[in-house]
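Got the viewer open? Here is a short walk through it, one selection at a time.

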Amino acid sequence: MKIVAVTACPTGVAHTYMAQEAIEKECRKRGFEVKVETQGSMGVEGELEQFEVDEADAVILAVAIGIDGEERFEAKEAEGKVISVDPGEAIKHPAEVIDKAVNL
Amino acid sequence: MGEKSNQNVISPEMILLDSELSNQDDVIHYIVDNAKANHYLADEDDFYQAVKKREQEIPTAIGDLIAIPHGKTDTVQNPFIAYLRTNKAFRWTEEKEEMVQMVFLIGVPKESESQLHLKFISQLSKKLLDEEFREKLLTQTDPDKIYQQLNSIEI
């Protein structure tokens with residue numbers, strides 16, 4: 001299973017990175033491949049290339065604001081392989097969020 | 001190398017254990033006033049409003065007795081993280097059940113010139129998901145040890 005995600009929150013100082021950590025942790029626990037792009041106060045980090053998005057089995061958008069490069073996920077969206085959650089949700093209940101992504 | 005990323009972001013004066021406060025407003029007010037007294041803020045009201053506004057959008061309680069209220073305003077003179085621990089867990093908001101006992105209040109300037117400060121804050125936030133790290137923050141009785149624990153985070 002390969003999962004990619006974007007995390008972003010309004011201030012971009014804490015939740016963005018906590019959501020990243022929570023998603024990565026849960027994926028590692030399950031032996032999934034994972035890459036998380038953060039769009040926070042330090043700019044865009046771990047930027048997802050289009051091919052990485054294309055190769056993913058599921059996309060998690062843990063974002064509470066508009067993000068840059070949303071068009072990268074359009075094809076996945078059309079396949080029904082994208083879930084959107086609040087960053088806080090990903091921090092509090094990472095297992096549930098990953099379950100949802102797996103079951104898309 | 002010589003530069004310390006966490007310089008002044010955390011200070012012993014901004015770590016408070018055994019607080020008797022028991023609601024969100026009082027806790028945030030208390031920390032904000034303290035930040036002003038320690039020269040992290042030019043204007044406490046402006047910053048307080050920013051933090052409360054963020055709380056009203058989505059409360060920052062993240063489970064495991066932790067809340068991380070934060071604000072990003074021009075009145076922040078130097079990025080900071082303050083830690084306040086209450087003696088008893090309390091409900092963070094009236095509407096939700098979420099209980100909180102450990103409050104990390106984060107302040108950053110609107111235009112932060114220091115990526116290292118931001119990096120430190122993000123690394124510390126991530127560490128809060130580590131159970132062992134959290135347990136120490138909850139049970140450690142010596143504020144100096146907490147200071148060292150928070151300061152030891154590597155970026």
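What share of the contacts in chain B with a separation of 6 or more is between residues 24 or more positions apart? The figure is 72%. Keep in mind as you click around that this is a predicted model.

**Stop one: chain B as a whole.** Select chain B and colour it by secondary structure. You should find five helices and six strands, and going along the sequence they come in the order β-α-α-β-β-β-β-β-α-α-α. The radius of gyration of chain B is 14 Å, close to the 15 Å from the globule rule for 155 residues, so chain B is as compact as a globular protein of that length. Rotate to its principal axes and the C-alpha trace spans about 45 × 35 × 25 Å. Of the 155 residues in chain B, 37% are buried.

**Stop two: a helix pair in chain B.** Now select residues 24-37 of chain B, helix H1, together with residues 44-57, helix H2. Their axes come within 10 Å and cross at roughly 145°, and the crossing is right-handed. To see what meets what, show side chains. On the H1(B) side, pick Gln24(B), Ile28(B), His29(B), Val32(B), Asp33(B) and Lys36(B). Facing them from H2(B) are Glu44(B), Phe47(B), Tyr48(B), Val51(B), Lys52(B) and Glu55(B). By type, the residues of this contact divide into five nonpolar, two polar and five charged. While the side chains are up, notice the spacing: an α-helix has 3.6 residues a turn, so residues three or four places apart point the same way.

**Stop three: where the chains touch.** Bring chain A back into view. The contact takes 16 residues from chain A and 20 residues from chain B. On the chain A side, the elements giving two or more residues are helix H1 (15-29) and helix H4 (87-92). H1(A) gives the largest share of that side, five residues. Colour the chain A side by type and you get nine nonpolar, three polar and four charged residues.

**Stop four: H1(A) up close.** Stay on H1(A) and zoom in. This helix has 15 residues and reaches 21 Å from first C-alpha to last, close to the 21 Å expected at 1.5 Å a residue. Is H1(A) mostly covered or mostly uncovered? Mostly covered: eleven of its 15 residues are buried. Among them are His15(A), Tyr17(A), Met18(A), Ile23(A), Glu26(A) and Cys27(A). For a last click, pick Gly31(A), which follows H1(A) and has a positive phi, near 75°.

Conventions:
Residues are numbered from 1 along each chain as its sequence is written. Chains are lettered from A and ligands numbered from 1 in the order in which they are written. This is a predicted model: local features need pLDDT of at least 70, side-chain atom pairs count only at pLDDT 80 or more; totals for chains, interfaces and linings use all residues. Axes are lines fitted to C-alpha atoms, for helices over the stretch in contact, and angles run from 0 to 180 degrees between N-to-C directions. Helices (H or I, at least four residues) and strands (E, at least two) are DSSP runs, numbered from the N terminus. A crossing is left-handed if the near helix is turned anticlockwise from the far one by less than a right angle, and right-handed if clockwise. Two residues are in contact if their C-beta atoms, placed from the backbone, lie within 7 Å. Ala, Val, Leu, Ile, Met, Phe, Trp, Tyr, Cys and Pro count as nonpolar, Asp, Glu, Lys and Arg as charged, and the others, Gly among them, as polar. The radius of gyration is taken over C-alpha atoms; the globule rule is 2.2 Å times the number of residues to the power 0.38. A residue is buried if 20 or more other C-beta atoms lie within 10 Å of its own, exposed if 12 or fewer, and partly exposed in between; C-beta atoms are placed from the backbone. The expected span of a helix is 1.5 Å times one less than its number of residues.
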